[in-house]
Structure formats: structure tokens, C-alpha cells
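The following report goes from the whole chain to selected residues and their surroundings. Please read it alongside the sequence and the coordinates.

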Amino acid sequence: MQNNKVAKAVNYAIACSVITTGLSTGVAIANEDGANEVERIAVTGSRIKRHDLENASPITTVDAEQIEMAGVDNIADLINQLPAITGITNTTRAGSPTSSINLRGLPDTSTLVLINGHRAANNASSGDSVDLNVIPPAAIERIEILKDGASSIYGSDAIAGVVNIILKKNYEGLMVDYTYTKPSEEGGERGSFNLLTGISGDKGSIVFGANFYEQQAIFSRNRNRTSITPIPSSAIPSGRATISGYKGLDDGSIVKTGVADDAATITRANSAADLSGYTTNWESYNYQQVTSEIPDNQRFSMFANGHYEISDTLLFNAEFLHSDTQIFETWAYAPIFAAFEVGDLTWSKDNKYNIFDQDIKDWRRRMTDSGAPRFFDHNTQFDRLVLKLDGEFNDNWSWSGKVLGSQSRYSQTYVNVVNKEHLKLGVGPESICAQIEGCVQINPLAEAGQMPDEQWNYMLTDVQMKGRSRTHTFAFDVTGDLFELDAGAVAVAVGVEYRKESFSKDPDGLISDFQTIGGANLQATAGDRTSKEVYAEAFVPVVDKLNMTFALRYSDFNDFGTDVNPKVGIEFDPSESLKLRATYSTGFRAPSLQELYQGASESFDFLSDPCAAEDAGNTASTAGCSVQSDPALFQFLTITTGNSVQLSAEESESFTAGVVWSPESLEGLNLRFDYFNITQENAIDNPKQYFIDKNAEGDPLLGNRVVRDANGNISQVDVTYVNLAEREVVGVDFGADYGFESGYGFWKIGTELSWYDKFNDQAHPEAEVVNRSGTYDNSSNAGLIPEYKMSYFINWSFEDWSLELRGQWLDEVKDKGNDDEVVDSYSRLDLNSVYQYSDNLSFSFGIDNLTDEEPPVVGSEPSGIEGATYDLTGRAYSFKLKYEF
């Protein structure tokens, strides 16, 4: 495989004739600047310092001015508006405790996030990606988004591309600002305070900044789109049970028939102790009246950057970043589905409250009796320290040695979840409960909100889980001009890197014993790895106006083995106004420590059992079915564990090609066109349906992971992570921006459009290839992939005023989880202005979602929307005061 990769790269270098340039778009989306810089600098995607900021890969840049003009409090909210970002996007504004980035719709594990060009510890909650919440927007100098594979430069994870967040390092003086945002509807108020200060001298400088941010919750009931769920729950406050030998009448009353085939689904009607206290008339529960759609959020962060010139050829640099984030989520009251839980929660016929003279397996209840719903309190602390020495020798050569330490820690408290151990005893026989100190008999069909205090106090509990993710890196590299050709110097960069990573989760006893309901049940996770890597990169000016770049990285991981990844790029400038370029590269993603070492984790998934077919056992796909299973069953217990024995790396190939044209006849106009193609093989997933299908076929290896009871029904599915999935993403980026002077100031307008022609997704080799472009599927790794996604802006500045209108448009999609129901297209406008009152003082005013556009209805989502992509807050007004001393 490794030799094949290098051969393909060499063939590409020889055959390439179509070449492209990357794009840096206009204000509010991205910015192409620095074209006239003469200082050599390295940009994301290369470690070679060049005069030309553009290299062979497409790069989008978002600078500090754009971030400030956008008025965002979380950088993920701004980045996720870019057309190149789509799919499952986690953001705190969408109810997630972390924020991540999905380039090209691929999972966030396929996008590498760097801080100042170096790795950071993955978030300790999932262990799969960096949490962008740890970085305050005011600390950012610029964000460079490389929309191309970059494993040859940075190693693992850079399959879809790289997001490089560059922090401020040069500032003199003191700046303070405060921003307040108030939505027009209830909830969601936000406040942010920033401090930035810096000093510099002949030998060095230091910059320090701090941020405090607070956001109030938006409850589902406070927005029209989310106040009523399209998927109500059968776990209701008055309880629900299915009993045999009884029948419901038209008026809802219940009579005992004694006929085994008769069955009635009943709930509590009143406090009567006989059958008149029950009815068959019941309504599903709308949990959206309780939940928070956007959680309470508090964050404190601080950073420092400094450098000191030890000598004319030796520079010491240090970076520090600390963040402390508190997320407080409100979930619905704990639901109990007794028949679907691990373990036996049968309501015993010998329980003091059971008047039906039978054991009842299928009973359900919503625990509203305590008056307090479930609360999830997430606390994340992030720390990062980098020490670096930079040196120069022989005029045009430089070296850099660095030590990096980074860690993410989290604690998660689940409040008002059900203690399954106590519940089992409480609904069990009265005689057994009487023998256990503190045991309280429980009535699952008590009147809504009327369960006695001693019962729900015995059932409900608080549990906690902690985790940690660490990364330590040691790296050394050298770069410089190797020799001269007629067209210029051949520049090279070579380096070595050693990295040690660790990840752990430590749940308390009830969680690890699978004894909670309404929280999370999983066992402890602990794993670590080391990697050793060597890379080389070269820039070759072949002839005048034609350059080629080459890169190669060798990676050796102690847990899965080695990988080699090359990259070839070509740049051609036929004229000053036209630039063509293209790249070909291979990439890889090492299995995450979570995927390798995850302890057993419980979930209940909606899946289909082929053995439920009437002809089960008589077809090739059901050859392993001994009897027909119950066709009414569709939700099954699954236990997922890591796979440290068999997992290998994900592999990818990337190709980009395009053109940038700045016509001389119309100064200020820039046009961009880029083609991209990413194929991903051996993608890691835990395809639960695949294991069930193999069991139905009678597969002796994979089929034994499905456990069936005596009736042939699935009682448990034991799954693990495997290398099975394949994906192919093909599309085009188009961009344009135009800047011009008028008698009333400077104007700049621009747009970016991404067309996703194909997003082919194959869950396993025997599965159907599904084109997910233009679809939404909450059960897939792709999420929401509109065929077209566009951003646009109009920016005007005149004397002391700046005004900007930003827009976003997403094409309609088909909801695969709701019979291909169309999810409407979506657009929003944001308006922001800045007035520079004096040299020191400025005021900003903004209106987010100017037209108060509601998110479209997504019927397959319990909340009724897809909050990671569409804005729920509605119209919001912001005011900012900024003062510089």
C-alpha cells in the first residue's frame, strides 16, 4: 500500500497538466491579503517559508478584523458558515458540550485542528477531536483553513484538511471590550468581556489576553419550531403498562377477560385502588416543554505569547493557553422503558401495588414526580504549553526545536437519573424488598406527579464521570535553500517528531456496572500510544512561472504500525492575472484511542432484524435464522467496545485542481474555481446493522456477536469498531469578490459557493452505495449535506464607519429518516456595524438573523430541527464597547 501511494504521487507529478490555485475570499468569508509581502513566511500546508503566500493547495483565511466584524463569541459558529464546512457539526450553540469542525462533510476526526501550527490535546469527552470552545475569538490573529489532504505535512487526521488557529503575538498597549447580545425572544442572552495587553522591547515581547463569556439557555418551549416534538414519547408521567387477560372498552375503562390473547395498554386515571383507577386512554409525552435546546454556558480563558532574542541567530518562544468551560444542560425527566433495559425490571405480581395478578415486563414511566428534570453538568479544563527555540545559520537556513504539552480534563455530573439497582428492588416482590435495609416498594403506575417522596427519592440519584486526554510532542525541523536553478532556489524542509498521547475515562460504580437509566452506562477506558515520524518537503521552481512541490512523511505508531504518505503539487502563472494549480496526495487517520480502547458502552438503537421476515430461514440473507423473530421489535440493546487488536488506519486520496483569475481589465475583481475529490477507504465505524445482517446470514465469525433468546428475538448486539466504510466526496468551490472605491467610501462584495456533486457513502463492502449529497440522515456519519451551500457579503467603509451585511444560504435536503420528506432551503442575514468614535474608543452594533428566519422542520429529529446547521436563536441584537489605552 505504501509503495503504491508513492508510485501514484510520482505518476501524478509527471502527468499533471491541469493546475489550480487556492482561494482566499473576501471580507466576512475570507481574505486574500499580503500579496505584496516580501518577507518569507510559512503558511498552513507547508513548512517552507516563501515570499508568495499562495501555494499549491487551496487555503481560506479568516482574520481578526473579520472575526470582530462578525461579532461571534465562538469561532466554530463563524467557521461553520463557510461552504466547505458541512455534515455533522457540533457546536455549543446547538446543545453540544464541545465544538468541532467537519470539512467536506467528513467526520470531525478527518479534520486536523492546529494551534499556531502545532497539535493540541483532543477533548477529553470523546477523545476524537479538538474542542474549539477552548480558544477565545479575541485571542485569534487569523484562522487558516487548508481544504486539501495534508498527512504528508502534519501526519494523522488531515484527510479532509487542516484548520490552523494562529493566536496574537504582537500587541502593545491595553485593550478592553464588552459585548452584550439580546435575542428578540426569551432566552439566549450572551455577554463577553475581553482583555488584551502587551509590551515589547529591543529583545522581545509578550502578549497576554483573558476572556470571560456567558450564555443563558434557550429552552425548547421558548421557540415555535422546537416547542412540540415530532417524536413524542410513550414513557408518560402517569405510567403505562401492557397487561394480558384484560380488554379496554370504548370509553377507556378496563375489564378483566381472563383470555390470554387479550391485552390492554393502560395508564393511571385516578387514585382508585381497583380497576376504575385505570384507563386505556393515554397521550404521548412532549418532553420538549422541559429540555434546553441551547445550554447554559460559561467560559473563562487566558493566553500568553512571548519571545526573547537570545542572540542575532537564536530566538526563544513560549505559548500558554488555559480554558475552563462549564456547560449546564437541562434534559427531560428520566424515562423508564422496562422491557428495553439491561437486566430484569419486571413489575412483580407480588409487588404491593400490582393488582393485576401477573408479572408485567413492559411498563414505562416518566419521572416527573420529583419536580426536577435531569441536569447534566459538564466542566472542561484545557491547558497547553509550548516552548520553542528558533535559530538561523548559513544566511538562508533556519532550524526550530519545540516541546509541547497539552491536556484536556472533564468531569460530567448526571443529576436525577434512575438507580436501576434500587428500581429493580422497588418493583420486585414485597417480601424481598422487606429484607433489604432502606428498600422502598415502588408503584410504576402512580398518578402523574403523585408518586410518594420516599419512592422517587429511593429511585433517583446523581452520578459522575471524569476523563482526561493528553498530548506531549517533541519536534525538530530544518528549512532552507538547497541549491539554485535558473528559475530560482530549490527550498527544502526536513524534520522529525515524537508524540505521546493518552486518553482515559473513569465513570463511577453505577455507570460502570450499567446500573443507571437516563444517563450514560459505560465501563472505564484507558489507552496510550507513541508515534515517531520523519518528513521531507521540497519546493522546486522548474522553469519561470512553473513551480512544483513535493512532500513525504513516514509515520510509525506503536499500536497499529507504519504509514507513508506523499504529496505532489504544481503551480503555473501564465500571466500576472492568472494562476493555475493542482495537488495530489494520500492521507491516513490513525484509530483514535477511544476507538481502540473504549470500555463496553450501552445504547439502544433502532435496527431491523432480517429474521423477522415471514420467509426467515429460507433465503440466503436469512440462512442463519432458526425461527422467525418478533416483527414488532425494532429497538435493540447494543454494547460497543474498542478494538485494539484488529483496527488499522483509515486511508485516503485527495485531488484538487482549479484556477484563480484577477482580470486586468477590472481591477479589484477576483474569480476562483476549484475542483476537489476525496476518497476514503477502511473508514472506521461500528455498523451495528451489519453485525445483525451477518448473524441472519449465519456468518460464523461476525454473526456470533448477536445474542438471541429462546424465541429467536435479539436480546443483545455486541459490536466493535471495524475498518469497513468507504466514502467519496466530489465537488466544486466557486468564489468571487470585488473591491472598489466610490465617492462615498470603499466597497467590497463577495460570495462563496460549494457544490457537492457526490457524497458516496458505503457503510460496509456489502452495503448499498448511497449518495448523501442533498440529504440528511441522523443515523449516518455524514449528517446534513446540502447539494449547494453559499455564503456572501457586502462590506462598506467610509471615514469612521464600517458596515457589513453577511448572508448564508443552504439548499433543501431530503430527510432520509422521515421517508425522504423535504427539509426546506434556509437563508439568514447578519448585519454588523462599527463606529470609530476616537483613536481609542469604538462602538459596534449588530443584528444577527436580520429577518428572523426560523429553522426548517426536520421530522426525524426529536427537537424538530437540526440545530447544528440552522439558527434557532432567531433575531438577536448585539452591542459592543471597545477601548484601547
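In this predicted model, 57% of the 885 residues of the protein chain count as buried. The accessible surface of the protein chain comes to about 35500 Å², of which carbon and sulfur atoms supply 52%. The radius of gyration is 30 Å, which agrees with the value near 29 Å that a compact globule of 885 residues would have, and the C-alpha atoms fill a box of roughly 100 × 65 × 50 Å along the principal axes. The chain is built with 10 helices and 46 strands, and of its contacts with a separation of 6 or more, 71% join residues 24 or more positions apart. Its charged side chains number 68 positive and 128 negative, yet the centres of these two sets lie 3 Å apart.

Among the helices, H10, which spans residues 688–697, is mostly covered, with seven of its 10 residues buried. Those buried residues are Lys688, Tyr690, Phe691, Ile692, Lys694, Asn695 and Ala696, a list that holds two lysines and an asparagine alongside Phe691 and Ile692. Which strands help to cover the buried residues of H10? The cover includes strand S29 (601–606) and strand S30 (635–641), together with strand S33 (706–708), strand S34 (714–720) and strand S35 (722–742). Just after H10, Gly698 takes a positive phi of about 90°.

Positive phi values also appear at two residues that are not glycines, Phe514 and Asp820. In general, most residues other than glycine have a negative phi. Phe514 lies in the loop between helix H8 (509–512) and strand S24 (516–517), while Asp820 is placed in the loop between strand S42 (813–815) and strand S43 (821–823). Phe514 counts as buried because its relative accessibility is 12%, under the 20% limit, whereas Asp820, at 32%, falls between that limit and 50% and is therefore partly exposed.

The table below gathers the relative accessible areas of four residues.

| Residue | Relative accessible area | Class |
|---|---|---|
| Asn354 | 8% | buried |
| Gly495 | 7% | buried |
| Phe514 | 12% | buried |
| Asp820 | 32% | partly exposed |

Gly495 is found in strand S23, which covers residues 488–507, and with a relative accessible area of 7% it is buried. Once its neighbours within four places in sequence are left aside, Gly495 is in contact with Phe476, Asp477, Glu533, Val534 and Tyr535. For one of these partners, Phe476, which is 19 residues away along the chain, the separation of the C-alpha atoms from Gly495 is 5.5 Å.

Asn354, by comparison, has its place in the loop between strand S18 (335–337) and strand S19 (363–366). Is Asn354 buried or exposed? At 8% relative accessibility it counts as buried, because the value is under 20%. Which backbone oxygen lies 2.9 Å from a polar atom of the Asn354 side chain? That oxygen belongs to Gln358. With neighbours within four places in sequence left aside, the contacts of Asn354 are with Trp347, Ser348, Lys349 and Ile360.

Terms used
Residues numbered from 1 in each chain as written. Predicted model: local features only at pLDDT ≥ 70, side-chain atom pairs only at ≥ 80, totals over all residues. Heavy atoms only, no water. Helix = DSSP H or I, 4+ residues; strand = E, 2+ residues; numbered from the N terminus. Buried < 20%, exposed > 50% of the residue type's maximum accessible area, 1.4 Å probe, protein only. Polar contact = N/O pair within 3.5 Å; in protein donor to acceptor, adjacent residues only side chain to side chain. Contact = heavy atoms within 4.5 Å. Rg over C-alpha atoms; globule rule 2.2 N^0.38 Å. Areas by Shrake-Rupley, 256 points an atom, 1.4 Å probe, with all protein chains shown as cover. Lys, Arg positive; Asp, Glu negative; His and termini not counted. Charge placed at Lys NZ, Arg CZ, Asp CG, Glu CD.
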